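Colleague: I should like to learn how to read the fold of a model such as this one. May we go through it feature by feature?

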Amino acid sequence: MSELDKAINDAARERVMEKVRKLLALARDSGASENEAATAARQAATMMNKYQIDAGDILIAKMDEDIEFARELAEANPRKRRHPFTEVSTWCGVIAMGVADLFDCVVDIVGLRDGGVKLRFSGHVTDVPVAVWTYQMLTETVYRLSTASPEASVSRAAKTAFRMGAAIRLQNRLDSMKDEQDRTNEECKSTGTSLVVIDKKKAAVKERFGESKRKKTRVKTLEDEAFSAGKAAGDKIPINRALTGGDERKKLGEQKLLN
């Protein structure tokens with residue numbers, strides 16, 4: 001590569017990093033509207049999916065040497081109701097664990113003054129807003145699918161079974177994405193690509209916040225059809241589309257449960 005080509009590539013990378021910084025700053029800005037913050041996080045997710053996951057050193061290598069942390073809250077359940085949820089819905093927790101691991105975050109439960117609880121994502125300042133947005137998008141999608149599913153419509157227990165089935169499959173897929181990401185990073189190390197900053201980030205997050213306490217999920221349900229339908233739906237929800245800002249809001253019974 002010529003010096004001119006290298007200079008052009010470096011300039012392009014710096015523009016990408018600067019744009020992501022601005023988008024993440026907007027996503028965290030308390031003065032931004034909910035729509036503005038969500039749009040900024042979605043756009044940042046698009047760029048981070050393209051540059052960080054596939055070539056993490058592009059976005060991280062030129063960041064400040066000191067690790068910057070962030071913490072954000074997410075809903076315990078996407079269902080809207082007057083009174084706050086006093087515990088995190090199990091199926092939401094399952095999805096949260098998969099998302100947190102993928103984005104090198106730690107997730108735990110915090111109590112609120114109104115007696116309710118929320119999930120809290122903690123990690124590097126570039127990762128947390130995207131993790132929260134991804135978690136919220138996936139849980140909202142599962143919730144909507146459960147209201148459109150014929151198998152889940154028969155009872156409240158059936159809806160819960162559907163959501164748990166979808167959540168388990170989503171967590172499995174998120175775990176697979178994380179494993180692939182780790183393999184890619186290790187291959188980059190073996191070929192001489194520097195990912196020291198990524199390792200430093202992970203170590204700093206672990207030292208600051210510890211590790212998420214993942215529990216083995218045991219499912220007991222009499223609603224086998226709804227549970228199976230949920231797993232099938234969880235296999236079809238396009239996670240990559242979520243990370244690149246795809247809109248999952250669909251019509252006509254969620255287009256027959258994502259076809």
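Modeller: From the N terminus on, the elements run α-α-β-α-β-β-α-α-α-α-α-α, that is, nine helices and three strands. Helices (H or I, at least four residues) and strands (E, at least two) are DSSP runs, numbered from the N terminus. The model is predicted, so local features need pLDDT of at least 70 and side-chain atom pairs count only at pLDDT 80 or more, while totals for chains, interfaces and linings use all residues. Residues are numbered from 1 along each chain as its sequence is written, and side-chain values use heavy atoms, with hydrogens and water left out.

Colleague: In what order do the three strands stand in the sheet?

Modeller: Two strands pair if DSSP finds at least two bridges between them. Here the sheet is open, its order is β1-β3-β2, and the pairing is antiparallel. β1 (69-74) and β2 (106-111) each have a single partner strand and stand at the edges, so one side of each is left without a neighbour in the sheet. From one strand to the next the twist averages 30°; axes are lines fitted to C-alpha atoms, for helices over the stretch in contact, and angles run from 0 to 180 degrees between N-to-C directions.

Colleague: How many bridges join β1 to β3, and which residues are partners?

Modeller: In a regular strand the side chains alternate between the two faces of the sheet. Between β1 and β3 (residues 117-124) there are six bridges; among the partners, Ala74 is matched with Leu119 and Leu73 with Arg120. β2 and β3 likewise pair in the antiparallel sense, over six bridges. On that side, Val110 stands opposite Lys118, and Val106 opposite Ser122. β2 and β3 form a hairpin with five residues between them, and Gly115 in the turn has a positive phi of about 90°.

Colleague: Is β3 enclosed or open to its surroundings?

Modeller: Buried means under 20% relative accessible area and exposed over 50%, with partly exposed in between (1.4 Å probe, protein chains only). Six of the eight residues of β3 are buried, so this strand is largely enclosed by the rest of the structure. For the protein as a whole, 44% of the 259 residues count as buried.

Colleague: Which helices pack on the sheet?

Modeller: Contact means heavy atoms within 4.5 Å. Helix α4 (residues 128-148) lies across β1 and β3, running at about 20° to β1. As for its length, the 21 residues of α4 should span 30 Å at 1.5 Å a residue, and the end C-alpha atoms are 31 Å apart, which agrees; the expected span is 1.5 Å times one less than the number of residues. α4 is mostly covered, with 15 of its 21 residues buried.

Colleague: What, then, should I note about α3 itself?

Modeller: α3 has 13 residues and reaches 19 Å from its first C-alpha to its last, close to the 18 Å expected. Ten of the 13 residues are buried, including Trp91, Val94, Met97 and Leu102. Asp104, which follows α3, has a positive phi near 55°.

Colleague: How does one describe the packing of two helices, and at what angle do α3 and α4 cross?

Modeller: Two packed helices are described by the angle between their axes and the distance between the axes. The axes of α3 and α4 come within 10 Å and cross at roughly 145°. The crossing is right-handed; a crossing is left-handed if the near helix is turned anticlockwise from the far one by less than a right angle, and right-handed if clockwise. Trp91, Cys92, Ile95, Ala96 and Val99 in α3 meet residues of α4, among them Ala131, Leu138 and Tyr143. By class, this contact has ten nonpolar, two polar and no charged residues. Ala, Val, Leu, Ile, Met, Phe, Trp, Tyr, Cys and Pro count as nonpolar, Asp, Glu, Lys and Arg as charged, and the others, Gly among them, as polar.

Colleague: Where does Lys216 lie, and how far apart are Lys216 and Val94 in space?

Modeller: Lys216 lies in the loop between α6 (196-209) and α7 (224-236) and is exposed, with a relative accessible area of 76%. Lys216 and Val94 are 122 residues apart in sequence, but 9.5 Å apart in space, C-alpha to C-alpha. On the wider scale, among contacts between residues at least 6 apart in sequence, 73% join residues at least 24 apart.
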